[in-house]
Number of protein chains: 2
Amino acid sequence: MRALFRYINQYTTVSEEDFQVIKRYFIHEKLKKKQCLLREGEICRYVAFILKGAMRQYYVDEKGVEHVINLFVENWWAGDRESFVMATPSIYLVDAWEDCDVLLISRENVLKLRRQFTAFSELLLKLDERNAIATQRRLTYSISFSAELRYKSFVDNYPYFVARFPQHIIASYLGITKDTLSRLRKKLAGD
Amino acid sequence: MRALFRYINQYTTVSEEDFQVIKRYFIHEKLKKKQCLLREGEICRYVAFILKGAMRQYYVDEKGVEHVINLFVENWWAGDRESFVMATPSIYLVDAWEDCDVLLISRENVLKLRRQFTAFSELLLKLDERNAIATQRRLTYSISFSAELRYKSFVDNYPYFVARFPQHIIASYLGITKDTLSRLRKKLAGD
DNA sequence: CGCGGGTTTGATGATGCTCAAGCCCGGTGG
DNA sequence: CCACCGGGCTTGAGCATCATCAAACCCGCG
């Protein structure tokens with residue numbers, strides 16, 4: 001719980017008393033490796049603030065191939081935004097890649113907190129800004145960079161992902177196959 | 001101006017009187033075709049609400065090739081979010097593809113409106129939600145779909161872009177070359 | 001008529017995918 | 001202590017997709 005308090009206060013200012021109220025809107029839960037927070041076709045009822053562990057969001061195409069859309073570790077929010085906000089069935093799965101400790105919050109509780117604490121609205125605005133910036137960058141890379149450049153910038157920007165997820169997942173996140181990534185790394189090693 | 005009023009009231013509720021205040025924070029301006037709202041290396045001081053016209057955001061790589069990142073038409077916001085929020089030099093250009101009527105607003109004025117009208121914070125939160133959803137979808141397509149599927153879903157989702165931007169721009173937006181798009185269309189026509 | 005911007009087309013080549021096989025390594029159970 | 005198994009990584013051969021470059025074409029406009 002303390003991690004959430006520290007996290008919020010990175011972006012805005014929330015008193016100890018307010019936090020005592022805020023924290024009641026969250027449910028503490030544990031997820032075992034491979035356990036799902038969200039399955040394909042379900043509605044995303046909760047987003048998870050990760051206290052410990054690593055998760056991923058991916059979608060499975062007609063051929064059964066997994067495409068990793070997002071990776072999450074400590075102090076990130078996991079879930080499917082579209083399904084969460086619109087209350088529509090998700091096309092994604094979200095599951096634990098490592099055993100996790102998470103804090104769940106429902107859409108209704110998010111709305112309540114927004115109304116009750118302006119600082120919470122502030123927080124959400126800032127998170128959205130950061131998220132918009134990061135996603136836009138990723139899109140730019142995805143559209144205009146080669147696989148090699150994408151991988152290099154990934155390693156530079158997210159070394160902690162490289163350390164915690166296997167190559168075939170990182171490859172999928174970058175939009176390439178594990179085979180291509182393997183060859184790419186071999187080539188880059190020869191420098 | 002009326003368009004902005006209607007636009008805001010699609011997402012939240014703002015009285016006529018409040019709007020009279022809000023609108024003073026915007027600057028009405030006209031842009032000629034090819035005129036820049038933002039040049040590479042500049043800081044994005046204003047975002048533009050488009051009353052009339054079409055714009056694009058793109059970045060130019062070392063080889064001088066343009067990569068279109070976003071397209072905008074009436075009732076969209078044009079600018080570079082990253083540069084606008086962080087006040088850092090932008091890697092993108094934003095210019096008018098058609099002659100435009102726009103309403104400009106500065107970062108300071110956005111912040112003032114946020115403080116002054118909770119409805120404005122509401123609005124921004126909702127816009128960010130929608131934006132996050134759309135960008136995430138686009139990223140999913142970009143990572144996991146073939147050029148053909150990306151183009152098909154583009155035509156389905158954004159017919160008004162297809163009508164107003166030439167093919168080489170749409171190709172760039174989709175992350176392919178104009179040549180490939182041309183061949184693709186030829187193939188799809190034979191059905 | 002000529003020009004500029006946009007599109008098409010062909011030939012060629014690079015990039016990344018597919019599929020299958022083999023390897024490595026840590027964990028489990030006999 | 002060894003055998004086996006599963007998950008992950010590597011590698012090779014062949015192939016599909018898409019990029020590159022150059023040429024030609026089309027058409028609206030001054």
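Start at DNA strand D in this predicted model. Four helices each put at least two residues into the surface near that strand: helix 8 (167-174) and helix 9 (178-189) of chain A, along with helix 6 (147-157) and helix 9 (178-189) of chain B. Helix 9 of chain A is the top contributor here, with six residues.

Zoom in a bit and you'll find 16 residues around DNA strand D. The closest are P166(A), Q167(A) and S182(A) from chain A, plus A147(B) and T180(B) from chain B. As for the chemistry of this surface, seven of its residues are charged, six are polar and three are nonpolar.

Now turn to where the two protein chains meet. Chain A and chain B each bring 24 residues to the contact. On the chain B side, the elements giving two or more residues are strand 5 (66-72), helix 3 (81-86) and helix 5 (118-144). Helix 5 of chain B gives the most, with 16 residues. Sort that side of chain B by class and you get nine nonpolar, nine polar and six charged residues.

So how do the two copies sit relative to each other? In general, two copies of a chain are related by a rotation about an axis and a shift along it. Here, chain B lands on chain A after a rotation of 180° with 0.0 Å of shift along the axis, at an RMSD of 0.0 Å. That's the relation of a two-fold axis. The interface fits in with this picture: 100% of the interface residues of chain B are also interface residues in chain A, so the copies meet through the same surface.

Conventions:
Residues are numbered from 1 along each chain as its sequence is written. Chains are lettered from A and ligands numbered from 1 in the order in which they are written. This is a predicted model: local features need pLDDT of at least 70, side-chain atom pairs count only at pLDDT 80 or more; totals for chains, interfaces and linings use all residues. A residue is near a molecule or strand if its C-beta atom, placed from the backbone, lies within 6 Å of it. Ala, Val, Leu, Ile, Met, Phe, Trp, Tyr, Cys and Pro count as nonpolar, Asp, Glu, Lys and Arg as charged, and the others, Gly among them, as polar. Two residues are in contact if their C-beta atoms, placed from the backbone, lie within 7 Å. Copies are superposed by least squares on the C-alpha atoms of residues with pLDDT of at least 70 in both.
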